[in-house]
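This briefing introduces one protein structure to a reader who has not met it before. Please look over the sequence and the model below, and then read the points by topic.

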Amino acid sequence: MLSGMSGSSSTPPPRGDNALVAWLSRRFLEHLTVDEAWVSTVREAASRGDVVYVLRHQSVVDTLALDHLTKRHSLPPVGFTDDLADLLVQPAGAALRGLVAWRRRGPVAARLERALTAGESALLFLKRPPGMLEQPTGRARGLAEGDAALSALFELQRRRARPILLVPQVFVWSKRPDSQGGELLDPVFGAREWPGTVRTVLQFLSNYRGADLRAGEVVDLSEIVRETTASEQARVRRVTYTVLTRLERERRAILGPAKKNPDRMRDEILRSPKLQALIKDLAGEGRNERRLLTLKAYGMLRELEARPTLEVHKAFELALHQIVSRIYAGVEVDEEGLERVRRAGKRGTIVFLPSHKSHVDYLLLSYVLNAAHLQLPLIAAGDNLGFFPMGPIFRRGGAFFIRRSFKGDRLYVAVVDAYLRRVVKDGYALEFFLEGGRSRTGKLLAPKVGLLSMVVDAALSLAEREVTVLPVSIGYDRIVEERSYVREMQGGDKRKEDAGAMLRGARVLSGFYGRVNVQFGRELTLPRLRAELGYPGDKALTPAQRRGLVTRLAHQAMNEINRVTSVTPGAVVATVLLDGRRRGVPHAELVEACRRLVASLSSRGARMARSLVTSSGALRPDAIRDAAQLFVKGELVLAHVPGESLAGDARRRAAIYTGDDVVYTVADDKRLTLSLAKNIILHLFASRALVSTALLMPGEAAPTVETVRERVRMLSRLFKYELMFRADASFDAIFLETLADMERDGELSRDAADTFAFGGGHHGETGEGWVRFYAEVLRPFIEGYQVAARAAASLQKGPATAKDLVKRALVTGERMFLSGEIGRREAVARPLFETALEALVDHQYLAREDGKLALAPTFASGEAVTAIEARVRAFVV
């Protein structure tokens with residue numbers, strides 16, 4: 001299901017005649033999978049020098065697994081290990097002779113040299129798990145083991161020109177995190193961090209099909225020998241520390257931080273100096289008041305906190321696999337982006353900021369990260385999802401619940417802040433939605449920076465921990481909540497999430513929703529953003545600078561989500577079918593129009609879904625056919641076969657028939673639903689749509705650059721709450737860049753007088769055809785704002801709440817569509833009217849009075865109100 005994330009599956013039998021190892025390989029070890037990154041790392045190291053695998057601690061299981069994998073992938077076989085497990089990787093006769101002669105096995109240095117000279121690899125253990133009578137004081141740590149072998153390697157390196165390369169290896173047999181404070185059976189089984197043989201074997205038997213093997217950054221001993229004059233003991237300590245640190249980073253990237261007892265975690269949060277200072281401020285000098293406020297904070301923390309458990313993660317893993325396999329054709333994952341996630345996880349704390357279009361988003365990113373063997377994040381969820389029985393389950397799956405609004409509650413704000421500081425400091429990955437709520441329109445919403453501001457504060461206070469913000473784009477061919485979204489956009493109330501709603505929503509399991517696409521943006525870090533803003537890195541930020549930093553981070557994150565959003569088959573087909581200049585589109589013409597659109601977007605650097613294009617970038621015609629059929633079966637698009645009756649069985653046959661003579665049409669009442677798919681890639685057309693609309697406005701036949709500039713400025717101001725514009729450049733810079741791009745692509749041309757004409761076009765479409773296509777993309781929004789302006793005229797009778805005015809706009813819009821005053825049914829939508837009213841307030845056509853909207857004094861007359869609509873209508877092409 002997760003394309004681009006498969007492990008190697010070739011399993012030739014291991015060499016040698018050791019019957020025990022051969023049986024173990026057939027029964028267990030052949031099920032181990034590793035990704036190509038591990039194989040490439042080891043193979044590249046073997047091409048540069050002699051490979052010495054380094055494990056954290058002695059482990060028979062790890063030794064056998066590593067020996068099997070080296071043989072399977074034709075890597076340098078393990079020829080040395082300073083442990084009895086060495087005998088298990090030998091043929092039976094050699095193993096027996098080795099057991100008899102174990103005490104006379106010879107110096108470590110000589111055996112290491114024989115193995116490396118023979119082109120084999122060596123396996124070295126840095127520690128051994130403490131036994132039952134060797135429990136060290138404090139937190140259990142492995143006992144020294146590999147010093148002698150490291151000293152021998154240094155001596156050997158001084159006598160050899162070929163580098164000796166230490167390749168740290170970490171096997172993760174269980175995804176259960178380490179536990180701070182220890183467990184009752186640790187003296188018998190060993191701590192999770194330094195497991196004994198019994199615990200390792202049990203972990204292996206329970207999870208050998210899902211185990212993970214990672215290679216840390218290679219250590220070149222020849223460089224250390226050349227670069228340092230330290231003593232041998234100091235070199236050994238340095239290498240041991242370096243390798244253990246790299247191994248620990250690999251483990252933490254998979255398992256996350258060591259788990260604390262919940263009571264200890266709460267105690268640490270409640271003792272936060274910032275929280276305690278607020279409690280003291282609120283309570284004054286009264287001890288009882290402080291105690292009551294502390295108890296209140298404790299209750300808030302219990303309602304808020306996540307309590308993830310491996311058992312619930314496993315249950316989610318099984319359930320999600322079944323659900324995803326049932327309702328989606330596949331999940332396309334940004335494989336390169338996942339590797340960047342892995343690297344960031346080894347450096348510090350990751351904060352994921354995904355786009356938010358569906359409740360599926362909550363689980364999908366964890367599904368992808370789990371399949372890639374990466375730490376699962378704690379997920380911020382609205383407290384509306386805390387209903388019984390799912391709330392406790394979500395909490396144990398890693399969700400922490402935030403109130404939808406907590407303005408004015410200083411104590412609650414301080415508790416949330418203290419909780420986020422603690423989880424960031426401890427190294428937990430975080431996930432929350434910068435948009436606040438789900439987008440009902442398919443396009444990104446404006447960022448809400450409340451939680452982000454708290455995370456930034458936490459990161460700024462933890463200079464020793466690197467915090468990386470990773471924007472994530474999650475795109476769908478179809479959204480499972482599309483019916484409820486359309487009902488809400490047409491004026492229906494949002495239904496409360498509860499057990500009944502969950503049962504009603506189970507019907508989505510009988511549907512099919514195409515593909516899902518998950519893409520990762522570039523990493524955003526606070527030091528780099530501070531440098532961009534010119535804020536000194538060695539000084540505390542002022543409140544204004546901190547707000548500027550948060551705002552820049554929020555807008556860069558949203559820009560990154562848009563930048564990496566993949567163009568999917570569903571989005572392309574929806575965009576072409578919603579082009580209102582034609583009643584219907586024959587299948588052959590649909591494919592050709594999609595080919596032109598994909599070629600144009602590809603030439604501009606847009607990311608393409610792997611299901612949409614071939615490796616050479618050419619359109620896959622079958623992808624267009626599949627997407628069209630997805631919409632036909634979902635009853636969003638009608639498929640007509642000319643010459644046949646569309647009644648009864650003929651209509652059902654048309655939904656299955658896929659010949660080139662099929663003609664697709666979109667019923668007016670389905671345009672709003674289909675626009676959810678189109679709006680996912682709306683941002684790719686925004687700048688050109690504004691320019692095209694300005695060019696096609698009634699008036700001058702050949703407008704000048706300055707005329708177009710002013711029109712585009714007016715449009716961009718009008719749609720500032722509707723469209724997402726780049727945050728890294730000024731209006732003039734973006735405008736001139738857009739003009740240059742359209743001229744370069746042959747969509748526009750300019751003469752010596754700086755007036756515009758249509759260009760020759762590109763990819764099989766004329767310049768005028770492209771300009772009119774871009775303008776058509778923007779038309780529903782212009783018509784929606786026109787409707788909102790018409791509805792605002794009702795305010796002549798008196799102020800009204802925004803909610804009531806939106807209801808009036810819905811009725812007005814329906815009337816205007818039926819009478820033909822507007823041509824796009826999707827222009828009649830509640831979210832569109834809500835942002836339109838915000839824009840009218842911003843333009844000072846409307847004013848806020850006591851929580852209601854009223855006409856601004858200068859537009860209170862009937863003539864002036866009509867002028868508002870006329871100004872918007874002037875942009876309709």
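Are helix 25 and helix 26 parallel, perpendicular or oblique to each other? The model in which this is asked is a predicted one. The axes of the two helices cross at roughly 120 degrees; this angle lies outside the ranges for roughly parallel, roughly perpendicular and roughly antiparallel, and helix 25 and helix 26 are therefore oblique to each other.

**The chain as a whole**

- The protein chain has 877 residues, and 54% of them count as buried.
- Its secondary structure consists of 35 helices and 23 strands.
- Among contacts in the protein chain with a separation of 6 or more, 77% are made by residues 24 or more positions apart.
- About 38,300 Å² of the protein chain is exposed, and 54% of this area is supplied by carbon and sulfur atoms.

**Helix 25 and helix 26**

- Helix 25 covers residues 587-603 and helix 26 covers residues 621-633; their axes come within 10 Å.
- The crossing of these two helices is right-handed.
- On the side of helix 25, the residues that meet helix 26 are His-587, Leu-590, Val-591 and Cys-594.
- Their counterparts in helix 26 are Pro-621, Ile-624, Arg-625 and Ala-628.
- Sorted by class, the residues of this contact are six nonpolar, one polar and one charged.

**Ala-414 in helix 18**

- Ala-414 belongs to helix 18, which spans residues 410-426.
- The relative accessibility of Ala-414 is 14%; buried means under 20%, so Ala-414 counts as buried.
- Leaving aside residues up to four places away in sequence, Ala-414 touches Leu-275 and Leu-278.
- Ala-414 and Leu-278 are 136 residues apart along the chain, while their C-alpha atoms are separated by 7.5 Å.

**Helix 29 and its cover**

- Helix 29, formed by residues 686-696, is mostly covered, with 10 of its 11 residues buried.
- The buried residues of helix 29 are Ala-686, Arg-688, Ala-689, Leu-690, Val-691, Ser-692, Thr-693, Ala-694, Leu-695 and Leu-696.
- The helices that cover these buried residues include helix 30 (705-718), helix 31 (731-744) and helix 32 (767-792).
- Strand 20 (748-750) and strand 21 (756-758) are also among the elements that cover the buried residues of helix 29.

Methods
Residues numbered from 1 in each chain as written. Predicted model: local features only at pLDDT ≥ 70, side-chain atom pairs only at ≥ 80, totals over all residues. Heavy atoms only, no water. Axes fitted to C-alpha atoms, helices over the stretch in contact; angles between N-to-C directions. Helix = DSSP H or I, 4+ residues; strand = E, 2+ residues; numbered from the N terminus. Parallel < 35°, antiparallel > 145°, perpendicular 65-115°, else oblique. Left-handed = near helix turned anticlockwise from the far one by under 90°. Contact = heavy atoms within 4.5 Å. Nonpolar A, V, L, I, M, F, W, Y, C, P; charged D, E, K, R; others polar. Buried < 20%, exposed > 50% of the residue type's maximum accessible area, 1.4 Å probe, protein only. Areas by Shrake-Rupley, 256 points an atom, 1.4 Å probe, with all protein chains shown as cover.
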